[in-house]
Every structure is written in C-alpha cells, then in structure tokens.
Amino acid sequence: MKRITIIGGGASGTLTATNLLKLAGERPVHIDLVEKRSRIGRGVAFGTTRDAHLLNVPAGRMGAFPDDVGGFHAWLVANGHDFDDHAFVPRRIFGAYLRDTFETAAASANVSIELHDDEAVDMSVDDSSAQVMLRSGEVLQTDKVVLAFGNFAPPDPNVKDTSFAASPRYFKDPWNDDLYSSLNPDDEVFVIGTGLSMVDVAIQLNASGHRGKISAISTRGLLPEVHELGHSYPAFNDELDGASRITDIFKTVRKHTIKAEQDSNWRAVIDNLRPVTQKLWLDLPLAEKRYFKQHLSRYWNIARHRVPPEANAILRKMQADGRLEILAGRLRDIKYDDRFSVTYSNNGVEYVQSADVLVNCIGSETNFSRIDSEFVRNLVARRHIRNDELDLGIMASPDGRVFGKNDEYSDIVWTLGTALKGTLWETTAIPEIRTQARELALKLLAD
Ligand SMILES: Cc1cc2nc3c(=O)[nH]c(=O)nc-3n(C[C@H](O)[C@H](O)[C@H](O)COP(=O)(O)OP(=O)(O)OC[C@H]3O[C@@H](n4cnc5c(N)ncnc54)[C@H](O)[C@@H]3O)c2cc1C
C-alpha cells in the first residue's frame, strides 16, 4: 500500500487528491488529506462566502482538469446555474464545484482516503518515508508528502514602528471574513495595496452599502487592468526562443502590443504568452529574474491578472463618486491612537492621511523564513524546505520536488502552486495548478 499525505485542502491539495483518485486505478493507494480549516476545495480564494467576490477567469476556462477546461461551465449548467461560459462567476460557487468534483471521484475510486480536520505542525523525513505530526497528536506515516499550503497572510507593512499592528482595527489578513462584520458603515478605511485583494475589499464594502471613504495606496498607484474578451492575436512565441534578457522579451512584447492596437487588443498579446511564460522564466539567468521582480513585475501583474468588467465598473463608479481614492506613494510611518495616521511620500513630498480601519492587502507572504506558521517554521528549522533564490517561494524543481535536508531534490516531499513561484513565476492560478496537480499525481503513482 502506497501512502500519500497531502497537506492543505485548498484548490492545489484537493485537485491533487482528485487526480490521484481518478488515476490510481487498481493500485493499492491510501491518501491522507490534512486541512486545518475543515473546508475541502475552498482554501483562501474560494472560501469567501461573498457573491461580490468573482473569479478573475471566465467560467469556460476554469475546468478542474487540463483535458476538460470547459468542465466548470458544464457543471454550472448541470447544476442549474445560469451563467454563460464568458461569465465571471462568484468564487464560492467554484469552491462548491471543486468539492463536488472531489467527492464524485472519491465515490467511484478504489482508493482509501481519510480527511483530517487538523493542522500539520511538524514533519520528519528519512531515506524512504516521512512522518507528519498533526496538532491533535496524531502521526501520519507516509511514503510521499505533498506540501499544498498555498497562500499565507501578508507581511506587515515595512515601517519602523509596527506598534500599530496591535490595534484591533488593523486587519493583517484581508481574506478573513471578520473584516466585513466588524466595520461600521461610516468607517474611513485605509488599504495598503491596490491589487486584486484590495479590489475584493472595495467591491464587498460597496455591496454592503459602506459609506465611509476608502483610500488605497501602492508605490505607483496602479489598479489591475480589466478583461476584454473576444480578441485574438497571431502567435509570435518563436521570436522569444532563446531569449536570455528580460529587456529583449519586454521589447518584443511591447512591439506586439503596439501592433495589436490596429485590429486586436494588447490583452490578446499577453494571453498568447501564457503557454510559454514558465519556459521563458526557467531560461532566464537569476540576475534577469531579479531585475524583473524589482522593476517590471508590477506591470506584468496588472496586465496578466485582470479584473472582470463588473468589478471594474464598480471601482470606477466608486472613484467617480469620491468613495474610493487610489494613491501613489511610499509608506513612511503608521501610528494608531483611536485612529490610524498614515504618512506616505510621493516625489519628495510627505502626506498624512487618517483612517478608522487599516487593511493589509500587500499580498501573500512569500518569504518562508518569515511565515507565521508552526509547520513552516519547523520545516525551515529542520531544513526540509528553504527559500528559493528570489524569496518568492520554496526551492524546488519545476516538477515540484522540494530541495531538502540532504541538499538534493527529494523523491518524498513535493509541492505545487504558490510555493513554486520562484521556480515557475506563473503558478498560482487554476489553469496552471490543474496541470501541475495532474502531472504530480501521475508522478506520485508511478514512482
Ligand atoms: C483572494 C484570491 C482570489 C483568487 N482568485 C482566483 C481566481 O479567480 N481564479 C484563479 O484561477 N485563481 C485565483 N486565485 C489564485 C489562487 O491562489 C489559486 O487559484 C488557488 O486557490 C490556490 O489554491 P492553493 O490550494 O494552492 O492555496 P490556498 O487556497 O491558500 O489553500 C491552502 C490550504 O492549505 C491549508 N493549510 C496551510 N497550512 C496548513 C497546515 N499546516 N495544516 C493543514 N492545512 C494547512 C490552508 O488552510 C488552506 O486551506 C486567487 C487567489 C486569492 C488569494
């Protein structure tokens, strides 16, 4: 009997388990799936209960399996949901689909699976197996471990005095639903970050009739771009073959986005890069990746990870009504004394803004040596994982073998999804995760 333990029951862990169930056939396999939040298939993104929180990928492309990308839309139709395949569906419905897909696979598989409503807190690894310790005291003996721990709460803002963080009106984790129930409708809200998590916060506050002003800041004050579907652009990926400088890639992409202005759309140019993004990243020297992370990633992120038109329309209306203000600048200081007082600077000028509530939407912490999790701290201390060279995730091979204690890529400990960001760059969305989950399941079964 091969034993496989998956830690994390968000999209990555659930899809890995579902693929194992579907592909195991008659092989004698036992799966332990450990999820501390007791909601399989939900995780951070799909655990929201709010209808205002939409998928940022159209329904027709959100299928759970790489050979069935239309599967989510077919499931919507079969389950009486009235959305077409271009629709941006509430994320909570996608969570229900992942759970249903998992349960359907479990019902027909010849594999034993145990769900643990528990938290992994430690792990030991020897030459051929591993032991995973759970908070309850249970110890799982296993042949393979999949670290599918996904997104961690953002780091605190980088200011000298962080005493403000003790305030009950500071929300370090923007994905915690308590945020919405504890606000007064007239509270002035200051959001650090202007990306997709800030969009979630603003859109939900709008939906709940929030009246207080919302201000959001990032270094350049850039909002994610909006989706415009239905455009195509001829493939140009051969022009990028062998590219080893990020500026050369940038120039080629720029040339095509300008050309696309005539009879297409720059979004189609960016979307054309999707199948080759990981390869381009893998081929770049480390210094080029660093340059990209520092100088270009913010532009890539807003162009590549776009918001649905519905969300964009709400944001623009909120801006026009003066209910949402997007600021550009660097944070200098945050004080709390009944209210927050936030100092930021732009072009050498300092500004101070006050607010009742502070929400941290900086983005998931990716530096594993700083992550606030007992499990991660133990893994780092025992050298079962270490940061990749860019502090974007953990060091691992492109197929997910974790670089472990013996200074080699492990056959026992594997990962996928967000933890592979330094290795693959684009690895956090379902279209990438579903492929990784399928390939990982095949490897675990074949090994
Ligand atoms: C707000 C938000 C919205 C997004 N929207 C989209 C979208 O519309 N479309 C899209 O394709 N992608 C979206 N993404 C990207 C998203 O990261 C992935 O699609 C996917 O949800 C990631 O799943 P995951 O399982 O890797 O991580 P997570 O969702 O973070 O799940 C990890 C799970 O592991 C559990 N866990 C962690 N540590 C332990 C432990 N020690 N013991 C037990 N359990 C543990 C956590 O409780 C969690 O449930 C979004 C991301 C965010 C943050």
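Trainee: Why are β8 and strand β15 (residues 357-360) said to pair in the parallel sense?

Mentor: Two strands pair if DSSP finds at least two bridges between them, and β8 and β15 are joined in the parallel sense over two bridges, so the criterion is met. Within this pairing, F171 stands opposite V359 in β15. Helices (H or I, at least four residues) and strands (E, at least two) are DSSP runs, numbered from the N terminus. Please bear in mind that this is a predicted model, in which local features need pLDDT of at least 70 and side-chain atom pairs count only at pLDDT 80 or more, while totals for chains, interfaces and linings use all residues. Residues are numbered from 1 along each chain as its sequence is written, and side-chain values use heavy atoms, with hydrogens and water left out.

Trainee: What makes β8 (170-171) and β11 (324-328) edge strands?

Mentor: Each of them pairs on one side only, and they belong to an open sheet of five strands with parallel pairing, in the order β8-β15-β9-β10-β11.

Trainee: How do you know that β1 and β7 pair, and which residue in β7 is the bridge partner of I6?

Mentor: β1 and β7 share four bridges in the parallel sense, and the pairing criterion asks for at least two, so they count as paired. The bridge partner of I6 in β7 is V146. V146 also stands opposite W414 in β17, a strand (residues 409-415) that pairs with β7 in the parallel sense over three bridges.

Trainee: Why are both faces of strand β7 (residues 144-147) called covered?

Mentor: Buried means under 20% relative accessible area, against exposed over 50% and partly exposed in between (1.4 Å probe, protein chains only). K144 and V146 on one side and V145 and L147 on the other are all buried, so each of these four lies under 20%.

Trainee: What makes a set of residues a nonpolar core, and how many residues has the largest one?

Mentor: The term is used for buried Ala, Val, Leu, Ile, Met, Phe, Trp, Tyr and Cys residues joined through side-chain atoms within 4.5 Å. The largest such core has 42 residues, and I6, F72 and F94 have the most contacts inside it. Its largest share, seven residues, comes from α13.

Trainee: How is the interface between domain 2 and domain 3 expressed as an area?

Mentor: Buried area is the accessible area (1.4 Å probe) that two parts lose on being put together, summed over both. Domain 2 and domain 3 bury about 740 Å² between them, 51% of it on carbon and sulfur atoms. In domain 2, L222, E225 and R306 lose the most area to domain 3, together 74% of what that side buries.
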